[in-house]
Amino acid sequence: YVIDLEGLANHRGSTFGWVGSRGGQPTPEQFTNRLAMAWRQVELRASARGGDRGWLFIEDEDTHIGCATLPPAVWAGLRCAPLVIRVVLSEAARVKLLVEDYAGIEAEGDASEWFDRMEASISRLHKR
């Protein structure tokens, strides 16, 4: 089972997380409700399998995914996960993925708006 926090938040969780998202982010209440419903679906599927939940995969996120905030208990649970899998990519593979995700043709949409928002995001990085 997978709970996709970035998908529920409609944001990739980085400075450039807005790129490629369709529509805006949900309100905090909507995000919490989406998360609760996703968790409930995991439980329902487990019940259908005789209570065997099996593996549950959740990507480790910070407390904020764009404007969405993880409930404190969920974030604390991620910190205490019994197993953490670290995915390691070469620098070349990572750069290729970043370019495809954040500068690919489907990520641009309105090129003028994309450029303005990208400049603002880069500017925020400089301030850090």
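Hi everyone, let me start with one residue: Leu35 is in contact, meaning heavy atoms within 4.5 Å, with Ile3, Leu5, Leu8, Leu70, Pro71 and Val74, leaving aside residues up to four places away in sequence. Before going on, a word on the model. It is a predicted one, so local features need pLDDT of at least 70, side-chain atom pairs count only at pLDDT 80 or more, and totals for chains, interfaces and linings use all residues. Residues are numbered from 1 along each chain as its sequence is written, and side-chain values use heavy atoms, with hydrogens and water left out.

Now the overall layout. The protein chain has six helices and four strands; these are DSSP runs, with helices being H or I of at least four residues and strands being E of at least two, numbered from the N terminus. The order along the sequence is β-α-α-β-β-β-α-α-α-α. Of the 128 residues, 24% count as buried. Here buried means under 20% relative accessible area, exposed means over 50%, and partly exposed is in between, with a 1.4 Å probe and protein chains only. Among contacts in the chain with a separation of 6 or more, 62% come from residues 24 or more positions apart.

Back to where Leu35 sits. The largest nonpolar core has 13 residues, and Leu35 is listed among those with the most contacts inside it, together with Ile3, Leu5, Leu8, Phe31 and Leu70. By a nonpolar core I mean a set of buried Ala, Val, Leu, Ile, Met, Phe, Trp, Tyr and Cys residues joined through side-chain atoms within 4.5 Å. Helix H1 (5-9), helix H2 (28-48) and helix H3 (72-79) each supply at least two residues of this core. The largest share, four residues, comes from H2.

While we are on H2, look at Gln41, which is also in that helix. Gln41 is partly exposed, at 33% relative accessible area. The C-alpha atoms of Gln41 and Ile3 are 9.6 Å apart, with their positions 38 residues apart in sequence.

Next stop, Glu61. Is Glu61 buried or exposed? Glu61 is buried, with a relative accessible area of 10%. You will find Glu61 in the loop between strand S2 (57-58) and strand S3 (64-65). Not counting residues up to four places away in sequence, Glu61 touches Leu5, Glu6, Leu70, Trp75, Leu78 and Arg79. For Trp75, 14 residues away along the chain, the C-alpha separation from Glu61 is 7.9 Å.

That brings us to the charged pairs. How many salt bridges does the count come to? The count comes to two, where a salt bridge is a side-chain nitrogen of Lys or Arg within 4 Å of a carboxyl oxygen of Asp or Glu. One joins the side chains of Asp60 and Arg79, at 2.4 Å from N to O. This pair links distant parts of the chain, with Asp60 in the loop between S2 and S3 and Arg79 in helix H3, 19 residues apart. Asp60 is partly exposed at 49% relative accessible area, and Arg79 is partly exposed at 37%.

Glu100 and Lys96 also form a salt bridge, with the closest N and O atoms 2.6 Å apart. Because they are four residues apart in helix H4, Glu100 and Lys96 are separated by about one helical turn. Glu100 is partly exposed, at 35%, whereas Lys96 counts as exposed, at 53%.

On to the surface. The chain exposes about 9,000 Å², and carbon and sulfur atoms supply 57% of that; the areas come from the Shrake-Rupley method with a 1.4 Å probe. Val2, Trp55, Phe57, Leu83, Ile85, Val87, Leu89 and Leu97 make a nonpolar surface patch of about 850 Å². Within that patch, Val87 lies in the loop between H3 and helix H4 (91-103) and is exposed, at 69% relative accessibility.

Two last items for you. The structure holds zero disulfides, a disulfide being a pair of cysteine sulfur atoms within 2.5 Å. Cys67 counts as exposed at 62% relative accessibility, and Cys80 is exposed at 63%.

And finally, Asn10, in the loop between H1 and H2. Phi of Asn10 is near 55°, a positive value in a residue other than glycine. Asn10 counts as buried, at 18% relative accessibility. Thanks for listening!

Note on methods: Patch = residues over 30% accessible without salt bridge, like charges linked within 9 Å, V, L, I, M, F, W, Y side chains within 5 Å.
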